[in-house]
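Visitor: Hello! Could you walk me through this protein, a few questions at a time?

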Amino acid sequence: MIGIDVGGANLKIVDDSGVHIHYCPLWKESPLAEIIAEYKEAGADNAAVVMSGELADGFFDKNEGIAFIVDAVKKSFPNAIFYGMDGRFHTEACRELAAANWLASVAYLKQQYPNGMMLDIGSTTADIVPFADFEKLIGMTDTLRLQAGYLVYTGMLRTPVATLASEAVIDGKVTPFSTEYFACSGDANYVLGNIGDEEYSAATPDGKEVSREACLRRLARTVCADLEEIGEEGALAIAKAFCSAQQKLVCDAVAKAKAASNADTILVGGIGSPTFAPLVSGIDLTAATGIHADALPAYAVLQLAKEQE
């Protein structure tokens, strides 16, 4: 059996050989079914699935997105099981499947850390969830999580720079940012060394390559400049302004949730775990436990499925 997490931008699969992350945007003509079929051909006999990609704006609504994802999986794994927001597995498309990936992670982690909490920060979002009142989490939609502070919509790759930071000091002068989609969090985190080539799996804002120079050029455009105009130091100032704002936003939300829940342990997953674990005095799940932190929901749903066999 394999574990599958279908996001709006990335498809994450865990099997006996490890973690596999495929850039697979659902708002375009998606090769979702074709990618999943490769694992069937490689010998997998079934799949346990979670999702959040049903929210992608290529679908009319969540129901259409859920149906699309379930159908894509079942083409290869007709007996696949899907974890829902009711904390149960389902065999058919239903509303409960919407955005249940974070709940699967919590259901698995709380077995070992009953009074812990999770920060799972990936390409797009940060899930910040205490475990103690698990029953209160059942049925909690993403909208309710936004209201509760359990979902912070920023991630290591896909957040536009100008959404969190508005200015940087360049050549000693406060320089406002344009609000065009010139650069993203992936560019900022890449040039500062928070992620590498393997982690920068999303499309770039200009559709060009992932390299230090390309990222610096995209960052320079945030202040309507070429890289030659403001130099590497100016582009790095933009990256630092963004990452400082992002880290404050996430860390403040973690601190608030921890204080309200009296959680005793913070478990950090996602591709942002090496960056954020030290900032929140948390445990990097991959480094400390061997859990696949960069694909935590896929790993978690696979373990939950195995437990019920």
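What follows is a short conversation about the sheet, the cores and a pair of helices in this predicted model.

Visitor: In what order do the six strands of the open sheet lie?
Guide: Happy to start there. The pairing in this open sheet is mixed. Reading across the six strands, the order is 3-2-1-4-5-6.

Visitor: Which strands stand at the edges of the sheet?
Guide: Look for strands that have a single partner strand, so that one side is left without a neighbour in the sheet. One such strand covers residues 18-23 and another covers 89-90. They are strand 3 and strand 6.

Visitor: Which residue in strand 6 does Phe82 stand opposite?
Guide: Strand 5, residues 81-83, pairs with strand 6 in the antiparallel sense over two bridges. In strand 6, the residue opposite Phe82 is His90.

Visitor: What angle does the direction of helix 2 make with that of strand 4?
Guide: Helix 2, residues 62-74, packs on the sheet and touches strand 1, strand 4 and strand 5. Its direction and that of strand 4 (47-51) make an angle of about 160°.

Visitor: Which helix gives the largest share of the largest nonpolar core?
Guide: This core has 48 residues, and Leu119, Ile128 and Ile238 are among those touching the most other members. Several elements supply at least two residues each, including strand 7 (116-121), helix 7 (212-221) and helix 8 (227-261). The largest share is 14 residues, and it comes from helix 8.

Visitor: How many residues are in the other core that lies apart from it?
Guide: Ile81, Tyr83, Met85 and Leu296 are among the members of this other core. Its size, in residues, is 36.

Visitor: Are helix 7 and helix 8 roughly parallel or roughly perpendicular to each other?
Guide: Their axes are 8 Å apart, and the helices pack at an angle of about 90°. Angles from 65 to 115 degrees count as roughly perpendicular. Helix 7 and helix 8 are therefore roughly perpendicular.

Visitor: How many residues of the contact of helix 7 with helix 8 are charged?
Guide: Leu216 and Arg217 of helix 7 are among the residues making this contact, as are Glu228 and Ile230 of helix 8. Nine of the contact residues are nonpolar and none is polar. The number of charged residues is five.

Visitor: Is Thr222 buried or exposed?
Guide: Thr222 sits in the loop between helix 7 and helix 8. Its contacts include Val161, Phe177 and Ile238. Buried means under 20% relative accessible area. Thr222 has 2%, so this residue is buried.

Definitions and conventions. Residues are numbered from 1 along each chain as its sequence is written. This is a predicted model: local features need pLDDT of at least 70, side-chain atom pairs count only at pLDDT 80 or more; totals for chains, interfaces and linings use all residues. Side-chain values use heavy atoms; hydrogens and water are left out. A nonpolar core is a set of buried Ala, Val, Leu, Ile, Met, Phe, Trp, Tyr and Cys residues joined through side-chain atoms within 4.5 Å. Buried means under 20% relative accessible area, exposed over 50%, partly exposed in between (1.4 Å probe, protein chains only). Helices (H or I, at least four residues) and strands (E, at least two) are DSSP runs, numbered from the N terminus. Two strands pair if DSSP finds at least two bridges between them. Contact means heavy atoms within 4.5 Å. Axes are lines fitted to C-alpha atoms, for helices over the stretch in contact, and angles run from 0 to 180 degrees between N-to-C directions. Angles under 35 degrees count as roughly parallel, over 145 as roughly antiparallel, 65 to 115 as roughly perpendicular and the rest as oblique. Ala, Val, Leu, Ile, Met, Phe, Trp, Tyr, Cys and Pro count as nonpolar, Asp, Glu, Lys and Arg as charged, and the others, Gly among them, as polar. Lists of a residue's contacts leave out its neighbours within four places in sequence.
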